[in-house]
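Biologist: I'd like to learn how to read a model like this one. Could we go through it together, one feature at a time?

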Amino acid sequence: MITYDTLIRGGILVSATGRTTADIAISDGRIAAIVAPGTPLEATTTIQAAGRHILPGAIDVHSHHREPGFTRKEDIISATSACAAGGVTTSFAMPNVDPPPNTLERLDSMIELYEQKAIVDWNINAAGTVRAEIPGLATRGIAAFKVFMVVDTGRDYPHMPGIGVHDHGELMAIFETVAETGLPLMVHPHDQALMKHIEEGFWARGERDALAYAKAYAAHDGIIWDTAAALLLRIQQATGTALHLLHTQTSGVIDQLRRAKDKGQDVSAELNPWAVFLGNDWANIERLGSYALSYYVPEKNTGPLWEALADGTIDLISTDHAPHLREEKEPGWTDGWKAHTGTPSAQFYVPLFLDAAQRGLIGLERVVDLISTAPAERFGLADKGRLEVGRDADIAIVDLDGELEIRDEIVLSKIGHTPYAGRRVRGVIETTLVRGRVVYQDGVVIGESGWGRQARPGTRALAAAQQRRS
């Protein structure tokens with residue numbers, strides 16, 4: 001009889017299409033068998049999971065790990081530790097680090113850091129701001145490029161020069177160059193000219209605190225988001241580039257996405273947890289100030305966002321995990337433009353959405369699709385995103401009846417605080433496995449630095465992308 005490495009007994013397997021109770025056998029980092037509960041099998045290690053739900057590990061394609069350059073607030077080890085504790089088995093790093101990975105030399109250096117330090121699997125979204133470098137960057141196993149349409153005013157981080165492009169002609173040229181690689185282009189939408197006009201109006205009235213900052217970015221029903229999305233969707237239509245739209249948060253953008261998809265455009269969109277759990281409640285903005293900002297999402301958008309998650313207009317969920325120190329948030333009480341924008345969520349977003357499923361806001365199977373299956377498919381990770389024989393054994397074992405109290409004291413990010421502190425959610429991550437190895441169990445990260453490896457898109461996925469474009 002075959003002796004497997006690990007056997008997970010009696011769990012309820014949850015996929016994007018349904019649930020089944022089964023045993024999972026793991027060998028050499030992959031799922032080797034899925035069999036009826038109690039089937040006679042031998043394994044070196046057995047995990048009893050009766051009454052627990054077994055999910056494919058979450059794939060977060062939008063996270064800010066802060067290394068290199070800003071390790072005072074986060075680094076690869078702390079970020080991937082938070083991932084492990086949160087049921088996240090693959091995390092993509094964003095390029096607003098110092099130096100940004102917009103050249104081959106810089107990207108190679110960053111890859112070397114991840115190979116040494118990451119606890120979970122990873123990739124890096126290279127900055128597509130130097131067009132001559134894009135073909136070379138695409139040879140390094142990356143799954144996407146990233147461009148910000150914003151450069152900060154009033155501060156020099158997190159949207160610093162070197163990663164932002166708001167000249168429309170240059171943006172279209174980047175689309176065209178990325179299209180030749182077959183990889184998706186992630187874009188942070190923003191209308192710099194409109195925002196300049198809007199924020200100068202607030203400043204002229206002497207309104208500069210966090211509340212003013214929140215209102216400015218949401219002004220005129222989110223005009224800076226809607227106009228930027230319209231431009232990006234039109235450029236995508238012209239170039240055929242696979243576009244992944246970030247920070248979906250307005251009804252206007254949702255409507256535009258539906259029309260684009262109806263026309264068959266190659267576009268996907270993501271939602272970040274702050275849009276439905278934090279920034280969508282003005283009381284949170286008043287209570288927490290800049291600590292609650294990422295962005296203010298006026299309450300009227302909440303229903304349409306949940307509907308778009310359910311019907312597929314929004315394709316996937318990513319964290320936009322963005323840790324900042326308290327001293328970088330505190331200035332927001334008097335000047336919101338000086339506080340660093342962004343909120344952390346890598347450790348808690350899966351429990352937040354599991355809790356939402358139990359409250360009837362969304363189906364559990366749809367949550368699995370949004371956090372795991374859809375990201376794997378969009379970014380060509382053929383070995384991930386599903387509990388199937390032959391796939392990587394990236395697994396989260398969760399207790400849906402367990403209650404988690406989110407507290408600053410359990411935060412694994414280096415910043416040591418979370419805007420979700422004080423919340424109680426149903427859905428506890430008990431065990432996380434990355435390619436068959438337990439990296440988190442019973443409240444403790446036990447994974448080793450360097451275990452994580454680059455989650456590269458498969459060659460068939462790239463070929464299919466090229467065929468779609470032609």
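Biologist: Let's start with two helices: are α8 and α11 roughly parallel or roughly perpendicular to each other?

Modeller: Keep in mind that this is a predicted model. The general idea is to take the angle between the helix axes, where anything under 35 degrees counts as roughly parallel. Here the axes of α8 (residues 251-262) and α11 (residues 302-311) cross at roughly 25° and come within 10 Å. The two helices are therefore roughly parallel to each other.

Biologist: And what is the handedness of the crossing of α8 and α11?

Modeller: The crossing is left-handed.

Biologist: Which residues of α8 and α11 meet there?

Modeller: From α8 come Ser-251, Ile-254 and Arg-258, and they meet Pro-304, Leu-305, Glu-307, Ala-308 and Asp-311 of α11. Sorted by class, this contact has 4 nonpolar, 3 charged and 1 polar residues.

Biologist: Now the pockets. What volume does the largest pocket have, and how many residues line it?

Modeller: Its volume is about 250 Å³, and 16 residues form the lining. Nearest the centre of this pocket lie Gln-347, Leu-404, Ile-410, Tyr-440 and Gly-443.

Biologist: Which strands supply at least two residues of that lining?

Modeller: Both β15 (395-405) and β16 (424-434) do. The largest share, 4 residues, comes from β16.

Biologist: How do the lining residues divide into nonpolar, polar and charged?

Modeller: For the largest pocket, 9 of the lining residues are nonpolar, 4 are charged and 3 are polar.

Methods
Residues numbered from 1 in each chain as written. Predicted model: local features only at pLDDT ≥ 70, side-chain atom pairs only at ≥ 80, totals over all residues. Heavy atoms only, no water. 1 Å grid on protein atoms, 1.4 Å probe; cavity = no way out; pocket = protein on both sides within 12 Å on 5 of 7 lines; lining within 4 Å. Points joined across faces, edges and corners; volume = space filled by probe spheres on them. Nonpolar A, V, L, I, M, F, W, Y, C, P; charged D, E, K, R; others polar. Axes fitted to C-alpha atoms, helices over the stretch in contact; angles between N-to-C directions. Parallel < 35°, antiparallel > 145°, perpendicular 65-115°, else oblique. Left-handed = near helix turned anticlockwise from the far one by under 90°. Contact = heavy atoms within 4.5 Å.
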